[in-house]
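Biologist: Please take one part of this model and go through it closely. I would like a single connected account rather than a list.

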Amino acid sequence: MSSTLLTSPEAPVRETPLPFCKPVLTDAECAAVQRVLASGWLTTGPECAAFEAELRTYWRVPHVATMNSCTAALELGLKVLGVGPGTVVVTTPMTFCATVNVIEHLGAVPWLVDVDPATGNLDPALLPDPASLPAVRALLPVHFAGTPCDMTALRHWAAAADVPVLSDCAHAVESRWEGVPLATLSDLAAFSFYATKNLTTGEGGALTCHNPDFDTRLRQLRLHGMSADAHRRYEPGARPTYDVTEPGYKCNLTDPAAALGREQLRTLDARWARRGALVSRYLEGLADWIVKEYCRVLLPDPMSAETPARAAFHLFPLILNPDRFSCSRDAAVSAMQQLGIGCSVHFTPVHQFSYYAARYSWTPEQFPVAAALGAQEMSLPLHAGLADEDVDDVLTALERLFSKFAR
């Protein structure tokens with residue numbers, strides 16, 4: 001297909017370009033961070049403990065350990081599950097590279113399974129016979145764009161394989177499967193609080209689990225393997241010494257970050273509802289183009305009561321039909337930028353990156369659904385700070401794009 005952009009001068013649809021994503025911070029959140037800064041305790045301490053307690057309630061799990069990133073949470077989660085050299089982790093190619101990088105860090109082997117074209121999530125029907133993977137130690141599904149995987153089918157396969165489920169919930173803080181939080185349905189679940197996520201601490205993450213021994217080890221692993229962090233050692237009457245039980249890492253969250261997260265958590269469901277309303281507005285505006293098969297959306301309808309999946313609406317993934325367009329997806333993204341609308345791409349499938357393609361001799365054809373989605377997906381702006389008029393501007397730009405390049 002041609003990579004030609006809009007060839008005639010096109011006036012942007014708005015005077016100020018609309019960024020793809022912009023954190024929405026309130027006065028209350030800024031005040032919470034200021035309060036912690038004024039307290040003088042800046043590392044892991046009482047705010048992190050309070051944040052973890054509130055997250056336990058929200059996700060209905062007994063244990064939550066905050067981290068400095070979802071990546072750290074994934075790696076430590078795999079480590080406590082015994083993933084290491086000579087072991088296998090089953091996961092998806094349709095994800096950010098961190099999901100597979102952490103498997104490599106531990107010396108294990110990623111076993112990729114192609115995705116469902118309707119959701120972008122790992123397709124349970126394509127999971128291998130557990131007997132064919134004797135070294136498998138974990139199933140690592142990724143809940144793409146915040147749409148839950150089929151946890152019923154995945155848990156059934158994991159039980160047959162006698163392996164735990166570690167969910168990559170980087171996009172899925174608010175997601176539910178049949179009304180139940182994903183952390184509740186997973187042996188472990190890793191979450192991201194990165195700047196662009198639905199709940200942000202700037203940088204940060206968390207790992208949930210149900211096993212108290214795992215929780216104890218995770219808390220030590222996240223801070224050098226030490227048996228007691230600084231806050232515990234400096235409490236009145238506490239012992240100032242500690243043991244090192246194993247060589248750990250440095251990936252604890254800070255109290256100022258936790259204070260921001262606590263305030264974000266208070267309004268999380270309200271922001272989720274707002275994004276659902278924006279998704280409905282997008283779907284209404286795109287209805288004719290979807291019916292004519294120029295594009296489709298990898299999201300459940302927020303107004304539907306029939307699906308067991310409650311999506312977090314972290315992304316609005318628009319899939320362009322290459323048979324109906326005379327330009328590539330990359331050219332479409334550039335054209336939208338010309339029109340004043342920031343868009344993004346989620347994702348280049350992992351098996352197409354040079355390192356992984358060379359290491360495992362993976363080709364795009366081995367995972368054809370992921371390869372097709374990776375070439376056709378364009379993410380539209382979606383965050384709680386968008387006004388209805390912002391979505392209307394995006395739809396106006398899309399109308400121009402489709403009219404220009406539709407076959």
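Modeller: What follows covers one pair of helices, and then one arginine elsewhere in the chain. The model is a predicted one. The pair consists of helix α3, residues 70–80, and helix α4, residues 98–105, whose axes come within 9 Å. These axes cross at roughly 40 degrees. An angle of 35 degrees or above is no longer roughly parallel, and roughly perpendicular begins at 65, so α3 and α4 are oblique to each other. Their crossing is right-handed. On the α3 side, the contact is made by Thr71, Leu74, Glu75 and Leu78. On the α4 side, Ala98, Thr99, Val102, Ile103 and His105 take part. Sorted by class, this contact has five nonpolar residues, three polar residues and one charged residue.

The arginine is arginine 329, which lies in helix α11, residues 329–338. Its relative accessible area is 11%. Buried means under 20%, so arginine 329 counts as buried. Its side chain has two polar partners to report here. With the side chain of aspartate 330, the side chain of arginine 329 makes a polar contact at 2.8 Å. The arginine 329 side chain also reaches the backbone oxygen of glutamate 377, at 2.7 Å. Leaving aside residues up to four places away in sequence, arginine 329 touches Leu320 and Val345, along with Gly374, Ala375, Gln376, Glu377 and Met378. Glu377 thus appears both among the residues touched and as the owner of that backbone oxygen.

Key:
Residues numbered from 1 in each chain as written. Predicted model: local features only at pLDDT ≥ 70, side-chain atom pairs only at ≥ 80, totals over all residues. Heavy atoms only, no water. Axes fitted to C-alpha atoms, helices over the stretch in contact; angles between N-to-C directions. Helix = DSSP H or I, 4+ residues; strand = E, 2+ residues; numbered from the N terminus. Parallel < 35°, antiparallel > 145°, perpendicular 65-115°, else oblique. Left-handed = near helix turned anticlockwise from the far one by under 90°. Contact = heavy atoms within 4.5 Å. Nonpolar A, V, L, I, M, F, W, Y, C, P; charged D, E, K, R; others polar. Buried < 20%, exposed > 50% of the residue type's maximum accessible area, 1.4 Å probe, protein only. Polar contact = N/O pair within 3.5 Å; in protein donor to acceptor, adjacent residues only side chain to side chain.
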